[in-house]
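Work through the exercises below with the coordinates open. Each task is followed by a stepwise solution.

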Amino acid sequence: MTDTQQVAPTAAFYQRGSIPIFASQADPRLHYLLYVPQQLKDDDQAPLLVVQHGTARTAAKYRDHLKPFADEHGVVILTPIFPAGLIDPTDLHNFKFIEYQGIRFDHMLLSIVDEVAERFPVATDKFYLHGFSGGGQFVHRFLYLHPERLAAASIGAPGRITQLDDKLDWWLGTRGFEEKFGQTIDFDALRRVPIQMVVGTEDVETWEINNPGESNWMDGVEKTGNTRIERLRTLEANFRSHGLDVTFDLVEGAAHSGSLMLPTVTTWMESLMNAHA
């Protein structure tokens with residue numbers, strides 16, 4: 001290296017590729033991971049794909065699986081981390097139901113998206129959102145609150161669903177939604193969002209989703225179906241009854257595996273991104 005060569009600042013080096021785990025500025029208890037393709041220029045406005053983890057908090061796994069997709073299509077990958085054990089050290093489910101002990105996880109996600117937009121070359125007025133299992137629970141409830149922010153929503157194998165039904169109390173349905181969240185559901189905006197539902201044909205284990213007495217149970221869950229497949233079909237029928245745009249994908253031979261859903265999810269997302277290119 002000659003005396004005239006400049007060493008790039010460390011921070012600049014970590015603006016591309018796999019970005020280190022960052023704390024959210026809105027709430028440092030929450031974190032996020034990013035993958036930013038090397039070829040992106042500082043003035044690009046790349047699509048943003050957010051993938052919300054489930055109970056196991058496998059955000060890094062999802063981020064790493066999606067690197068080839070990101071490189072091929074010039075997409076930035078954001079995987080938030082909402083830790084278990086916030087406030088209650090035994091809690092596993094906090095983010096799934098949007099609000100927990102005064103934390104609004106929908107607002108936290110939007111704050112993280114805004115932080116990313118300030119530092120990286122992404123378009124965040126509308127972003128793509130996928131979640132599997134507990135992440136699938138979060139995604140469809142987030143959709144009810146912020147349809148105007150979503151370019152698309154992919155709901156993967158949720159163990160518990162919230163139907164658009166004012167005859168059922170939140171979170172089985174949407175009775176009390178306005179009182180809880182301070183807003184109504186914008187059905188016209190919901191109908192403009194492309195929605196994917198995705199689940200494996202062998203996703204039939206029930207021990208984790210049929211658990212009366214635990215903190216993530218409400219009587220009436222059992223009426224939505226016994227397996228995740230049946231419950232997602234119930235949500236599909238509910239969405240279609242309200243005129244929502246739903247693509248239902250069954251992944252042949254897959255059990256409860258978020259990684260096995262990703263090829264089907266990215267194929268669907270790619271078609272939407274190409275249509276808007």
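**Exercise 1.** How far apart, N to O, are the side chains of R191 and D188 in their salt bridge?

Solution. Step 1: apply the criterion, a side-chain nitrogen of Lys or Arg within 4 Å of a carboxyl oxygen of Asp or Glu. Step 2: the N to O separation for R191 and D188 is 3.2 Å. Step 3: both residues belong to helix α7 (residues 187–191), and because they are three residues apart, about one helical turn separates them. Helices here are DSSP runs of H or I with at least four residues, strands are runs of E with at least two, and both are numbered from the N terminus. Step 4: R191 is partly exposed at 37% relative accessibility, and D188 is partly exposed at 49%. The classes are buried under 20% relative accessible area, exposed over 50% and partly exposed in between (1.4 Å probe, protein chains only).

The model is predicted: local features need pLDDT of at least 70, side-chain atom pairs count only at pLDDT 80 or more, and totals for chains, interfaces and linings use all residues. Residues are numbered from 1 along each chain as its sequence is written, and side-chain values use heavy atoms, with hydrogens and water left out.

**Exercise 2.** Which parts does the salt bridge between R228 and D203 tie together?

Solution. Step 1: the closest N and O atoms of R228 and D203 are 3.8 Å apart. Step 2: R228 sits in helix α8 and D203 in the loop between β9 and α8, so the pair links parts 25 residues apart in sequence. Step 3: R228 is buried, at 3% relative accessible area, and D203 is buried too, at 1%.

**Exercise 3.** Which residues of β9 are buried on each side?

Solution. Step 1: strand β9 covers residues 195–200, and six of its six residues are buried. Step 2: one side carries I195, M197 and V199, the other Q196, V198 and G200.

**Exercise 4.** Which strands pair with β9, counting two strands as paired if DSSP finds at least two bridges between them?

Solution. Step 1: β8 (residues 150–156) is parallel to β9, over four bridges, and S154 stands opposite Q196. Step 2: β10 (residues 246–251) also runs parallel to β9, joined by six bridges, and F248 is the bridge partner of M197. Step 3: between β9 and β10 the chain passes through helix α8 (residues 228–241) in a right-handed β-α-β crossover. Right-handed means that, with the strands pointing away from the viewer, the path from the first strand over the helix to the second runs clockwise.

Definitions and conventions:
Two strands pair if DSSP finds at least two bridges between them.
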